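Good morning, colleagues. Today I should like to speak about charged side chains and how they pair. Please turn to the sequence and the model on the screen.

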Amino acid sequence: MITENITDAIACPKFSGISGEIDERFLRVKEWYEFINEQQLKFGQYLAELKAETKRQYVRGLESVGLVKTQLNKFIKAAEIADNLPSKLSPKLGLYVLLQLGQKRNGDAVEHLTENDTQLSAAQKIKQHQKPPQPKMPKPVMGWERNREGSRTLVLRLTDGDTALAIESGYKKSGLPLPLYLSNLIQRHEDLSQSWQGAQEELAQYMDTQSEEIQSLLSQIREANELINRLPNPKDATEIMMLRTAREEREKAEEILGALYF
């Protein structure tokens with residue numbers, strides 16, 4: 001029994017302002033807690049040895065007695081982490097704090113722990129020396145994803161809500177199968193781009209010798225087009241605003257240019 005391994009009578013510290021009965025209970029809780037943690041670490045070491053000996057039979061053996069590998073592996077992990085800490089410290093911390101210390105972002109806290117630390121001071125050091133979480137990398141705008149059956153699907157992620165709604169609305173109105181609708185959409189875009197690019201090149205050649213005002217308008221259009229091409233899929237509010245401003249400036253310059261010559 002656990003109670004047989006713990007001192008039956010624990011002296012109450014003289015500096016405590018709490019009654020002897022209450023203080024003794026909390027000291028007993030601490031002693032029990034450290035005893036249980038020490039047994040859990042020994043259990044984790046035993047599991048690690050058993051896993052190394054039985055290898056592939058380890059999981060089957062656990063399942064044969066109704067146990068789950070993922071739950072027991074926590075004890076193995078905690079024992080491994082405890083091996084890198086002062087021996088007198090590990091039983092004070094408990095399973096949860098030990099597993100916290102095993103996380104990469106809490107690695108710096110381990111270097112600041114001593115055998116005189118407690119569970120409370122260790123938790124404070126973890127918080128103090130914890131590295132900020134790494135920002136998640138945004139998923140690509142376009143990419144192939146494979147399902148469980150092995151088939152692949154091309155996924156498009158449109159960050160521009162207006163564009164996404166326009167495509168959805170156009171698809172529903174067309175009555176076409178989605179692959180055919182997208183094919184037609186791409187073809188129209190290519191034809192329009194080629195026509196627009198050709199017209200721009202002819203206009204630029206004709207206007208090269210014109211007035212400073214015309215040259216300025218052409219420069220604005222070119223700069224706007226360069227910015228638009230650099231931001232095909234804006235990722236945040238700043239890029240969305242830059243793209244919208246570039247489009248507005250290009251349209252305004254084109255209107256002025258058209259009014260001068262057409």
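Let me begin with D117, in what is a predicted model. D117 is buried, with a relative accessible area of 6%; the cut-off for that term is under 20%. This residue has a charged partner: D117 forms a salt bridge with K125, and the closest N and O atoms are 2.9 Å apart.

How many salt bridges does the structure hold? There are four, and I shall discuss three of them, including the one just described. As a general point, side chains of opposite charge can pair when their charged atoms come close.

I turn next to helix 8, which spans residues 161-174. Here the side chains of K172 and E168 meet in a salt bridge, at 3.3 Å from N to O. The two residues are four apart in the helix, so about one helical turn separates them. Are these partners buried or exposed? K172 counts as exposed because its relative accessibility is 61%, whereas E168, at 37%, counts as partly exposed.

Finally, consider helix 1, residues 20-54. Which residue does E24 pair with? Its salt-bridge partner is R28, with 3.5 Å between the closest N and O atoms. Both residues lie in helix 1, with a spacing of four residues, or about one turn of the helix. E24 has a relative accessibility of 27% and therefore counts as partly exposed.

To summarise the acidic partners: D117 is buried, while E168 is partly exposed, and E24 is likewise partly exposed. Thank you for your attention.

Key
Residues numbered from 1 in each chain as written. Predicted model: local features only at pLDDT ≥ 70, side-chain atom pairs only at ≥ 80, totals over all residues. Heavy atoms only, no water. Buried < 20%, exposed > 50% of the residue type's maximum accessible area, 1.4 Å probe, protein only.
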